Amino acid sequence: MLSGSMWDKILLFALPLAASSILQQLFNSADVAIVGRFAGKQALAAVGSNGPIINLLVNIFVGLSIGSNVVISRYIGQGNEIRIRRAVHTSILLAVLSGLFVAVLGILITKPMLSAMSTPSDIIDLSAKYLKIYFLGMPFLMLYNFSAAILRSRGDTRRPLICLTISGVLNVLLNLLFVIVLHMDVDGVAIATVISQMASAGMLIFLLIRENGALKLNLKHLGIDVRILKEIAKIGVPSGLQGMVFSASNVCIQSSMNSLGSTVVAASSAAINFEIYVYYMINGFSNATVTFTGQNYGAGNQKRCTAVVWNCLGLGAIFTGFMALLFIIFSGPAAQIYTNDPAVMELALERMRLVLCFQIINLSIEVFSGAMRGLGYSLIPALISMLGICGVRLIWVATAFPVSPTFLTLIAVYPISWGITASAIFASYFIVRKRAYAKIKL
């Protein structure tokens with residue numbers, strides 16, 4: 001990451017990472033598709049509508065894993081092996097504690113949260129059953145995220161992809177067993193998800209234990225280094241809060257969606273899968289921006305830090321645009337994967353064609369935010385995103401939607417909020433870059 005050509009290394013980093021996330025979403029989509037086909041429309045809505053609640057609770061700690069990635073990347077750039085080792089062991093213990101906390105909290109607030117979101121009465125019990133089982137897997141989900149972040153800090157996105165592929169295949173097989181053979185519904189896909197999360201986390205922990213060099217994990221040395229924890233928190237907490245507030249705004253949108261009935265909820269649940277696929281491609285290049293910038297900033301190479309951003313933005317636009325266009329062209333057959341209900345399908349296509357057209361704007365937000373995080377400025381993009389994306393969405397739900405309470409009015413807020421936020425993020429990046437580069441000269 002610190003020398004030579006850049007575009008090929010960015011692709012070798014970003015594409016396996018994007019593939020990992022897309023594979024994970026494919027396996028999650030298998031949950032939705034299997035229950036939609038074999039357990040009915042209510043089960044489809046119950047599984048598919050829970051994403052905002054899950055993200056609301058886990059994003060703060062996923063943000064901390066981004067903090068671990070940046071901190072370890074910077075230490076690698078500096079060649080500081082002692083701090084790399086301490087950061088690895090701090091991160092793994094932090095993952096376990098975070099997972100246990102989210103598991104307990106999630107189980108306790110599941111039913112009240114679903115009630116507060118005006119979840120339709122015909123799916124609320126199924127949603128609660130799914131969520132309570134899902135949250136039992138939180139310690140394993142956190143272990144996977146933090147372990148993958150540790151490996152990514154030195155450019156290894158291949159082995160997390162392999163582990164995720166194995167666990168994902170296991171997830172699909174268990175879905176088929178539990179739902180089709182044993183005639184379970186949402187509880188079957190939830191149990192399958194937890195088992196697959198255990199498998200993926202276990203494989204990555206095994207790899208870190210067998211690792212050579214500073215990234216090697218020794219379970220006897222697990223502990224919290226307070227100084228490193230503060231560095232991780234400085235980067236990770238704003239990023240996590242951004243994700244958390246972002247999810248809170250999506251919870252509000254989901255609540256409004258729920259008020260339109262289970263058919264609309266099912267349609268949105270089906271369509272959003274394709275948006276998530278495209279977002280994970282965006283996220284691959286965003287994470288590449290964070291890691292490459294972090295290492296080169298640690299090495300004091302400001303010219304290469306700047307090149308990272310434009311390479312990631314250009315390459316990301318090519319791959320993101322192609323994927324979004326593909327889904328738009330084949331939106332009809334794609335939606336049929338999840339449902340054969342004509343009313344559900346029509347609304348799903350409406351959402352896909354509107355939201356996917358504007359994902360390039362979302363790419364620019366994520367890449368410039370990633371660059372600022374890699375430079376050590378995580379709070380600024382977090383605040384801008386909270387105000388620009390979350391603020392606009394909350395205002396829209398409170399003002400425009402009551403005037404015109406339709407599905408189209410509700411989903412129009414996505415491109416509107418992205419456009420406003422992208423303008424502010426773009427301007428902020430140049431201010432932050434000037435400040436960060438001045439520190440290199442000092």
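**Exercise 1.** Does Ser428 count as buried or exposed, and at what relative accessibility?

*Solution.* The structure under study is a predicted model, and every value used below is computed from it. The first step is to place the residue, and Ser428 is found in helix α17. The second step is to compare its relative accessibility with the cut-off: buried means under 20%, and since Ser428 has 15%, this residue counts as buried. The third step is to list its surroundings: once neighbours within four places in sequence are left aside, Ser428 is in contact with Met372, Ile380 and Ile384. Finally, a polar atom of the Ser428 side chain lies 2.8 Å from the backbone oxygen of Ala424.

**Exercise 2.** Classify the ring pair formed by Phe368 and Tyr429, and state which helices it ties together.

*Solution.* A pair of aromatic rings is described by the distance of the centres and the angle of the planes. The pairing rule gives a count of 13 aromatic pairs. For Phe368 and Tyr429 the centres are 5.2 Å apart and the planes stand at 45°, so the pair is tilted, given that planes under 30 degrees apart would count as stacked and those over 60 as edge-to-face. Next, Phe368 belongs to helix α14 (residues 359-374) and Tyr429 to helix α17 (residues 413-441), so the pair ties together parts that are 61 residues apart in sequence. Phe368 is buried, with a relative accessible area of 3%, and Tyr429 is buried as well, with a relative accessible area of 1%. As a last step, the two rings can be set in a wider group, for ring pairs link Phe368 and Tyr429 with Trp310, Phe426 and Phe430 into a cluster.

**Exercise 3.** Describe the geometry of the aromatic pair formed by Tyr414 and Trp418, and relate it to their separation in helix α17.

*Solution.* The centre-to-centre distance is 6.4 Å and the angle between the planes is 50°, and the pair is tilted; the distance falls within the 6.5 Å cut-off for pairing. Tyr414 and Trp418 are four residues apart in helix α17, and therefore about one helical turn separates them. Both Tyr414 and Trp418 are buried.

**Exercise 4.** How many disulfides does the structure hold, and how far from Cys305 is the nearest cysteine sulfur?

*Solution.* The structure holds zero disulfides. For Cys305, the nearest cysteine sulfur is that of Cys312, at 11 Å, and Cys305 is in no disulfide, the cut-off being a pair of sulfur atoms within 2.5 Å. Turning to accessibility, Cys305 is buried with a relative accessible area of 2%, while Cys390, at 1% relative accessibility, also counts as buried.

Definitions and conventions
Residues numbered from 1 in each chain as written. Predicted model: local features only at pLDDT ≥ 70, side-chain atom pairs only at ≥ 80, totals over all residues. Heavy atoms only, no water. Phe/Tyr/Trp six-rings, centres within 6.5 Å; stacked < 30°, edge-to-face > 60°. Helix = DSSP H or I, 4+ residues; strand = E, 2+ residues; numbered from the N terminus. Buried < 20%, exposed > 50% of the residue type's maximum accessible area, 1.4 Å probe, protein only. Polar contact = N/O pair within 3.5 Å; in protein donor to acceptor, adjacent residues only side chain to side chain. Contact = heavy atoms within 4.5 Å.
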